[in-house]
Amino acid sequence: MKAIILFGHGARDARWREPFDRLADLWRAQHAGTLVELAFLEMMQPSLEEAVTSLSTKGANQILVVPVFFGQGGHLRNDFPVLLSACQEKFPKIVLSATPAVGEDLAVLQAIIDFGARAL
């Protein structure tokens, strides 16, 4: 069973999480057959490992991690690979993979341009 983890940075302010919750809800509404979990690098729960654990208990054996970051900064280049590798070691029967940061996708960039154009 395939699943997806939407992976964000995390913040001290709980309201920062609200768009991520909406994103997960949108995923569930549009892709009900594919499990989704949120995970955060720091300051919020669940962690990446906790999200993988949750999905594995629900039967997921292929998990795609989508970093909901604007670009490949130090966290994605340095911290994220270590976390992903630790999860791969802890869950050897689960195929874990990751996409680039969502902000590097042309469609995401275009959506931001379109948002700005509508705001004008």
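Helices (H or I, at least four residues) and strands (E, at least two) are taken as DSSP runs and numbered from the N terminus. On that basis, this predicted model contains 4 helices and 4 strands, and its elements follow the order β-α-β-α-β-α-β-α from the N terminus on. The radius of gyration is 15 Å, close to the 14 Å that the globule rule gives for 120 residues, so the protein is as compact as a globular protein of that length.

**Overall dimensions and surface**

- Taken along the principal axes, the box filled by the C-alpha atoms is roughly 50 × 35 × 30 Å.
- Of the 120 residues in the protein, 31% are buried.
- The exposed area of the protein is about 7300 Å², and 59% of it is supplied by carbon and sulfur atoms.
- Side chains with a positive charge number 11 and those with a negative charge 13, while the centres of the two sets lie 4 Å apart.
- Among contacts between residues at least 6 apart in sequence, 72% join residues at least 24 apart.

**Aromatic pairs**

- A pair of aromatic rings is described by the distance of the centres and the angle of the planes.
- The protein has 5 aromatic pairs.
- One of them is formed by Phe7 and Phe69, with 6.0 Å from centre to centre and 25 degrees between the planes; this pair counts as stacked because planes under 30 degrees apart meet that description.
- The pair links distant parts of the chain, since Phe7 belongs to strand β1 (residues 2-8) and Phe69 to the loop between β3 (62-67) and α3 (74-90), 62 residues apart.
- Phe7 has 0% relative accessibility and therefore counts as buried.
- Phe69 is also buried, with a relative accessible area of 13%, because the cut-off for buried residues is under 20%.
- Ring pairs join Phe7, Phe69 and Phe80 into a cluster.

**The loop between β2 and α2**

- Most residues other than glycine have a negative phi, and most peptide bonds are trans.
- Gln45 and Pro46 are joined by a cis peptide bond, with omega at about 5 degrees.
- Pro46 lies in the loop between β2 (35-40) and α2 (48-57).
- Met43 is not a glycine, yet its phi is positive, at about 70 degrees.
- The loop between β2 and α2 also holds Met43, whose relative accessible area of 41% makes this residue partly exposed.

**Val65 in strand β3**

- Val65 is placed in strand β3 and counts as buried, at 0% relative accessibility.
- Leaving out residues up to four places away in sequence, Val65 touches Ile5, Phe7, Leu48, Phe80, Leu84, Ser97, Ala98 and Thr99.
- Two of the residues touched by Val65, Phe7 and Phe80, are members of the aromatic cluster.
- The C-alpha atoms of Val65 and Leu96 are 7.4 Å apart in space, although the two residues are 31 apart in sequence.

**Ser97 in strand β4**

- Ser97 is part of strand β4 (residues 95-98).
- With a relative accessible area of 33%, Ser97 is partly exposed, whereas its contact partner Val65 is buried.
- Apart from neighbours within four places in sequence, Ser97 is in contact with Ile63, Leu64 and Val65.
- From Ser97 to Gly8 the C-alpha distance is 16 Å, with their positions 89 residues apart in sequence numbering.

Notes
Residues numbered from 1 in each chain as written. Predicted model: local features only at pLDDT ≥ 70, side-chain atom pairs only at ≥ 80, totals over all residues. Heavy atoms only, no water. Phe/Tyr/Trp six-rings, centres within 6.5 Å; stacked < 30°, edge-to-face > 60°. Buried < 20%, exposed > 50% of the residue type's maximum accessible area, 1.4 Å probe, protein only. Rg over C-alpha atoms; globule rule 2.2 N^0.38 Å. Contact = heavy atoms within 4.5 Å. Areas by Shrake-Rupley, 256 points an atom, 1.4 Å probe, with all protein chains shown as cover. Lys, Arg positive; Asp, Glu negative; His and termini not counted. Charge placed at Lys NZ, Arg CZ, Asp CG, Glu CD.
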